[in-house]
Amino acid sequence: MNQKVIIQLYPSPIINASRILRETESLIKLGIADKIFICGIGSEEYKEIEQIDKNRTIIRIRSDDNFRQLLNKGLIGRFHIIKTYIRYGIQVLKLVKTKKPQFITIRRVELLPLGFFAKIISLGRTKLIYSPHELESEREGIDRVTSFLFKSIEHIFIPFSTSVVVVNDAIRDWYLKQYYHKKIFSVTNTPQKKEILFNSEKKNILRKLHSIPNNHFIFLYQGLLTKSRGIDFLLSVFSEGDPNKHIVLMGMGPYCEIIRQYENEFSNIHFQKAVHPSEIVQYTSSADVGVFFLSGLPGLSYKLSLPNKFSEYLMAGLPVLVSSNLIFLSQIIEEKRLGWILESSEEKYFKSFLNNIDKKEIETFDKNIQKYISEIGWEFEEIKLLEIYH
């Protein structure tokens, strides 16, 4: 009997990629696939081949840059991306010829043409699934030329895909209006119920690691530590705010060293390196409030985003503080009464909030959070994969 094989393409080192790990585990569990090969990109510091388990393998094609880093390097970057793309594409097409996958899943818009060629060389036996992790043509940090290029790629190649899988309902609605594809699914990257830690199981990991007194408040930001994620704003606010209100910035990215410098100067600012996805909820539960806050005018992809960290905050029992310019998150917060929405334009609003918040106010959201998390979970999302991969 032939094995059912899926190849997934995601041009990054694939470190702590919770969505990919969660989805591929479910694809095996549901019997949709017997073997899954995840093709990433990595420098020599990463293993070229990494076995996740007996069914799932990460294959990292050698490169010092990923595609998105190259795009941000102007004309020279666009030249080098061709070389990187060709090298990556050759290895992927070789894998397609040898493994003969039933499906190839594309997780970045740049790779849609490669997925199409994989479909061609398999004589149509390989089905194409397009599963972007955000609203690709409206990503933060890309210029108009790149945005136009991404939209053009989607317009040309989405019709050849069996299914399109996006990360929330707001982005699904946007794709439906743009491309009129019949099968566009929303699959939210929420933790499984077994990963949930209710308030009765609250941990103290962050307090112990960073010597934060029990009567002080911990605000937690999880995710990429970059300028576009509002890290400058948070550092500025907390460095001038109430010293009993702490911010823990947890993740990886170019701002790690800057955060460490603030940590050395301010007792209420802390850096926490990223942890394995299986440990995240335990760390999260030791905070008091989850934070998603961007100043200025973010791109449409951010405005419509529903980060997996949002579910992780709530599943760990934390109310969430969001900026008003994060439209989709603000709608959920307002409708479900799960936290606070603050004006994003000036620091004074955030500072006033910090000065006035107390434990009683935080606890007022407990019942709403428990109701919300009873209605979400990966168990509700993974069953959609049966319709997507058919």
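Biologist: Why is Arg107 called buried?
Modeller: This is a predicted model, and in it Arg107 has a relative accessible area of 1%. Buried means under 20%. Arg107 therefore counts as buried.

Biologist: What makes Glu23 and Arg107 a salt bridge?
Modeller: Their side chains meet at 2.7 Å, N to O. The rule asks for a nitrogen of Lys or Arg within 4 Å of a carboxyl oxygen of Asp or Glu. The pair therefore qualifies. Glu23 sits in helix H1, and Arg107 lies in the loop between strand E5 and helix H4. They are 84 residues apart.

Biologist: Is Glu23 buried or exposed?
Modeller: Buried, with a relative accessible area of 2%. The cut-off is under 20%.

Biologist: Why is Lys371 called exposed, and what is its partner Glu375 called?
Modeller: Lys371 has 52% relative accessibility. Exposed means over 50%, so Lys371 takes that name. Glu375 has 42%. That value falls between the two cut-offs, so Glu375 is partly exposed. The two form a salt bridge, with the closest N and O atoms 2.9 Å apart.

Biologist: What are Glu381 and Lys384 called?
Modeller: Glu381 is buried at 11%. Lys384 is partly exposed at 27%. Their side chains meet in a salt bridge, 2.9 Å from N to O. Elsewhere, salt bridges with shared partners join Arg19, Glu23 and Arg107 into one network.

Biologist: How many salt bridges does the rule give?
Modeller: The count comes to 19.

Biologist: What makes Leu224 fit for a nonpolar surface patch?
Modeller: Leu224 has 39% relative accessibility. A patch residue needs over 30%, so Leu224 passes that test. Ile15 and Met252 join Leu224 in the patch, with about 240 Å² of accessible area together. Leu224 is found in strand E9.

Biologist: Why are strands E11 and E14 called edges?
Modeller: Six strands form an open sheet in the order E11-E10-E9-E12-E13-E14, with parallel pairing. E11 and E14 each have a single partner strand, so one side of each is left without a neighbour in the sheet. The twist averages 25° from one strand to the next.

Biologist: How do you know that E12 and E13 pair?
Modeller: Three bridges join them. Pairing takes at least two, so the strands pair. Gly290 stands opposite Val320 in E13.

Biologist: What are Cys39 and Cys256 called, and how many disulfides are there?
Modeller: Cys39 is buried at 2%. Cys256 is buried at 14%. The structure holds zero disulfides.

How values were computed: Residues numbered from 1 in each chain as written. Predicted model: local features only at pLDDT ≥ 70, side-chain atom pairs only at ≥ 80, totals over all residues. Heavy atoms only, no water. Patch = residues over 30% accessible without salt bridge, like charges linked within 9 Å, V, L, I, M, F, W, Y side chains within 5 Å. Areas by Shrake-Rupley, 256 points an atom, 1.4 Å probe, with all protein chains shown as cover. Helix = DSSP H or I, 4+ residues; strand = E, 2+ residues; numbered from the N terminus. Buried < 20%, exposed > 50% of the residue type's maximum accessible area, 1.4 Å probe, protein only. Disulfide = S-S within 2.5 Å. Axes fitted to C-alpha atoms, helices over the stretch in contact; angles between N-to-C directions.
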